[in-house]
Each structure stands twice: as C-alpha cells, then as structure tokens.
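Student: I am new to this structure and would like to see how its descriptive terms are justified. Can we go through them one at a time?

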Amino acid sequence: MFSRRQQIEIKSGDQLQLMRQAGLVVARTLQQVVGVAAHGVTTGELNEVAHDSLREQGATPSFLGYHGFPAVICTSVNDEVVHGIPGTRILEEGDLLSVDCGAIVDGWHGDAAVSLIVGTGSAAVAELSSVTERALWAGLGMARVGARLSDISHAIEEVVRAAGPFGIVEEYVGHGIGSSMHMSPSIPNFGSPGRGPVLRPGMALAVEPMVTMGSADVGVLSDGWTVVTEDHRWAAHWEHTVAVTEEGPWVLTALDEVRL
Ligand code: MG
Ligand code: MG
C-alpha cells in the first residue's frame, strides 16, 4: 500500500497559512450548512448555502467540476457514505446527513466533512456518528513529527473496533492535500501501526474515517458518484485537514485554533 514512493508535498509556513485560510473558509461554510439543515430542507438548498458562503469569502469550490462533480458540497444521507450529489432530496426528521466541503484560497486547498442528525434521531445513529468523530480525532492526534503514516490509520481503527461491531469502509481513504485536493499519500482508516512514510513538518493530510452500522461493503449508484452501503445500513463520515508541525498537529479546518 505504501510501496509506491511518491513524494509527499512539503509546505512552507506561508503556504500552511494559506491552507489555514482555506480551512477556515471550509469550517465557516460547514457551520452555515449545519445551521440550516433541517426537516423539509432539500440537499440542493444546502448546496446553495455553501456556494454563497464560498463566494462571499472569495474562495473557489474544490469540488465543483472536479472530474465533472456538479456541486460545491457532497451531501450523503443515511445509507449513502460519501459523494452524494445535492438535489431535490428533502431531509427528514432523524436522517443522518454527512456534508463534505472543499475550498481553494490562492491555490491551496482545505477539505472537511461533518455528520449530523436532522432533528432528533435514534441513539444508535448518534453513537455511529460519535464513534466516527472520535476516531477522526484519534487519527488527527497522531499527525506528529516522527510518527509513521499508518499510526494515524491504526488510531482510527482502534477507536472504531473498541466501540462495537461497526464497519470501516476500505475502498475510500484519506489523502495528502495542499496544492491539489487529492495528493499522495493515501491514508486508510485501518491498519497496523509503524508503517509508511515518516511524518515531517509541512505535510498536510485530510483524515476522513467512514464508518457503517453493518458491513463495510459499498457500491456506487448509477449517478456515477454516490457511494452507498451494500446492506443499506447507515454510515457516518467525518473529516479534517491537519498539518504536521513542530508544535504538533494543527487542525486547519477547525473553526477555532486547534493544535493537538
Ligand atoms: Mg472531503
Ligand atoms: Mg477528503
């Protein structure tokens, strides 16, 4: 998995500051989308909110037109894992919605995702989202100088496995990020620790566990984008972009200044 020796882009301090600006744009946009996601709202309306937010902040959407993707956010509901296309779907009470957003500022990317329950949902669904978010933060905490890449993967898997019989999606993974949205290295959400590249200052990584309530097997709908669980049980997705710095992991897509 790590056998291809692709270079991992190293950012200067100034470049990381631009990535922080992109990350803040993403964080504010997700905050706005979360604020309006409610019963009766369509996913297409959420996309408009996100598009307006990016425009007002002078940022370019990373997703719009990416390999032909037709929107500025991904909205993935219930058994949809990632890459759902916003449209006419009306959110209903208890739905589990994940919103994924990417923005470009001066050529530098930020990428983050949140999951939320529309109104009040079941305790089991809340636990699924909570486990996925906790797994994300465990992974982010390993984005330290001198750690190995798979230490992040392992930390994520440990949290999920300890929490119960959840599935970890394997076909889709986290990624390096910077002057492009998707760069080397790939970051699986499972695996043994102590493998892969040694993390160095100036690396930036998008860490994004995708966790299901059942089997981890997924497929793609006929729209060519939407990834769904094969057993149609529900899935959560959380993501942050983190920079590896001498001062520790710097969460570039957090609304507040977060250094772990
Ligand atoms: Mg994303
Ligand atoms: Mg990503």
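Tutor: We start with a hairpin: strand 4 and strand 5 form one, with two residues between them, and D106 in its turn has a positive phi of about 50 degrees. The model is predicted, and local features need pLDDT of at least 70, side-chain atom pairs count only at pLDDT 80 or more, while totals for chains, interfaces and linings use all residues. Residues are numbered from 1 along each chain as its sequence is written, chains are lettered from A and ligands numbered from 1 in the order in which they are written, and side-chain values use heavy atoms, with hydrogens and water left out.

Student: What makes strand 4 and strand 5 a pair, and how many bridges join them?

Tutor: A strand is a DSSP run of E with at least two residues, a helix is a run of H or I with at least four, and both are numbered from the N terminus. Two strands pair if DSSP finds at least two bridges between them. Ten bridges join strand 4 to strand 5, which run antiparallel, so the definition of pairing is met. Within the pair, S98 stands opposite S115 in strand 5.

Student: Why is D106 called exposed?

Tutor: Exposed means over 50% relative accessible area, buried means under 20%, and partly exposed is in between (1.4 Å probe, protein chains only). D106 has a relative accessible area of 63%, so it counts as exposed. D106 lies in the loop between strand 4 and strand 5.

Student: What makes the phi of D106 worth a remark?

Tutor: Most residues other than glycine have a negative phi, and most peptide bonds are trans. D106 is not glycine, and its phi is positive, near 50 degrees. H232 is also not glycine and has a positive phi, near 65 degrees; H232 sits in the loop between strand 12 and strand 13. As for peptide bonds, the one joining S184 and P185 is cis, with omega about 5 degrees, and P185 lies in strand 8.

Student: How do you know which residues are the protein donors of the magnesium ion (ligand 1)?

Tutor: Donors are N, O and S atoms within 2.8 Å of the metal (3.2 Å for Na, K and Ca); water is not among the atoms, so sites may look incomplete. The protein donors here come from D100 (OD, listed twice), D111 (OD) and E239 (OE), 2.0 to 2.5 Å from the ion, so they meet the cut-off. D100 in strand 4 and E239 in the loop between strand 13 and strand 14 are 139 residues apart, and the pair links distant parts of the chain. D100 has 6% relative accessibility and therefore counts as buried; E239, at 0%, counts as buried too.

Student: What makes D111 a bridge between the magnesium ion (ligand 1) and the magnesium ion (ligand 2)?

Tutor: D111 coordinates both ions, which are 3.1 Å apart. The magnesium ion (ligand 2) is coordinated by D111 (OD), H175 (NE2), E208 (OE) and E239 (OE), at 2.1 to 2.2 Å. D111 in strand 5 and E208 in the loop between strand 9 and strand 10 are 97 residues apart in the chain, and both are buried.

Student: Why is strand 5 described as mostly covered?

Tutor: Nine of the ten residues of strand 5 are buried.

Student: Why is T229 called buried, and what is it in contact with?

Tutor: T229 has 0% relative accessibility, so it counts as buried. Contact means heavy atoms within 4.5 Å. Leaving aside neighbours within four places in sequence, T229 is in contact with D79, V81, T212, D217, V218 and A235. T229 lies in strand 12.

Student: What makes strand 6 and strand 13 edge strands?

Tutor: Each of these two strands pairs on one side only. They belong to an open sheet of three strands, in the order 6-10-13 with antiparallel pairing. Two bridges join strand 6 to strand 10, so the pair reaches the minimum number of bridges. G167 stands opposite T212 in strand 10.

Student: What does helix 4 pack against?

Tutor: The buried residues of helix 4 pack against helix 3 and strands 6, 8, 9 and 10. Among those buried residues are L149, I152, I156 and V160. Just after helix 4, G164 takes a positive phi of about 145 degrees.
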